[in-house]
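Student: Could we go through this model together, starting from its surface and then turning to single residues?

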Amino acid sequence: MTDIDQNEADPFAWFNRWMADAEASEPSDPNAMTVATVGAGGQPSARTVLLKGVDPRGFVFYTNTDSRKAHELLDNRLISILFYWKSLGRQIRVEGAVETVTAAEADAYFATRARISRLGAWASDQSRPLSERAELERRLRYFEEKYPGEDVPRPPNWSGYRVLPDRFEFWQNMPFRLHDRTIFERAPEGGWTRGKLFP
């Protein structure tokens, strides 16, 4: 935690600074985040995905749109994401709703993925039962033959979501569990209000 953090009025600027610190200190995947959704009957579900974009609108991740999280977001667009960086003793909680990214955004990101990852997006019926690992490998070989070159199109059931934040919490580990917690909440008139929470 730095003095500039304590004077920051823009949660995205604070996020970007902490992400840069994480990129310098975390041994792998500093962009990993836990995504929590709510399914039928109010059952919460959480999993770790990778952040693939952030701008003043929100945070972007990609997935199979037939996956469990995508079906849950179709029914309930409210979402929570969590970044935790053990090397820094920091976490950021974000709450809001999601919107789907545009087809152009999804196409552009999909084209940057490694070829095997693009083929895997075709081969995997994400979140569906799998009889054995060999079934996935057979499906992967099929799509390797179907798309033998680098031109692998984006599957129609693969896209992205943008988390549109209404609330941020920046948590910094402190001695004796007297942690520092700063919250930002979206103001009705625009902009952000800022406050503190007891640890």
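Student: How much area does the protein chain expose, and what share of it do carbon and sulfur atoms supply?
Tutor: In this predicted model, local features need pLDDT of at least 70 and side-chain atom pairs count only at pLDDT 80 or more, while totals for chains, interfaces and linings use all residues. Residues are numbered from 1 along each chain as its sequence is written, and side-chain values use heavy atoms, with hydrogens and water left out. By the Shrake-Rupley method with a 1.4 Å probe, where for residues only the protein chains shown count as cover, the protein chain exposes about 11000 Å², and the share from carbon and sulfur atoms is 53%.

Student: What percentage of the residues in the protein chain is buried?
Tutor: Buried means under 20% relative accessible area, exposed means over 50%, and partly exposed lies in between, with a 1.4 Å probe and protein chains only. Of the 199 residues in the protein chain, the buried ones make up 38%.

Student: How many helices and strands does the protein chain have?
Tutor: Helices (H or I, at least four residues) and strands (E, at least two) are DSSP runs, numbered from the N terminus. On that basis, the secondary structure of the protein chain comes to six helices and nine strands.

Student: Is Arg118 buried or exposed?
Tutor: Arg118 is found in helix H5, which covers residues 115-123. Because its relative accessibility is 6%, Arg118 counts as buried.

Student: Which residue offers the backbone oxygen that the side chain of Arg118 reaches?
Tutor: Taking contact to mean heavy atoms within 4.5 Å, and leaving aside neighbours within four places in sequence, Arg118 is in contact with Phe110, Arg113, Glu150 and Val152. The side chain of Arg118 reaches, at 2.6 Å, the backbone oxygen of Glu150.

Student: Where does Asp29 lie, and what is its relative accessibility?
Tutor: Asp29 lies in the loop between helix H2 (11-25) and strand S1 (32-38), and its phi is near 45°, a positive value in a residue other than glycine. Asp29 counts as partly exposed because its relative accessibility is 46%.

Student: What is the relative accessible area of Arg177?
Tutor: Arg177 is placed in the loop between strand S7 (158-172) and strand S8 (180-186), and although Arg177 is not a glycine, its phi is positive, at about 60°. Arg177 is exposed, because its relative accessible area is 64%.

Notes: Polar contact = N/O pair within 3.5 Å; in protein donor to acceptor, adjacent residues only side chain to side chain.
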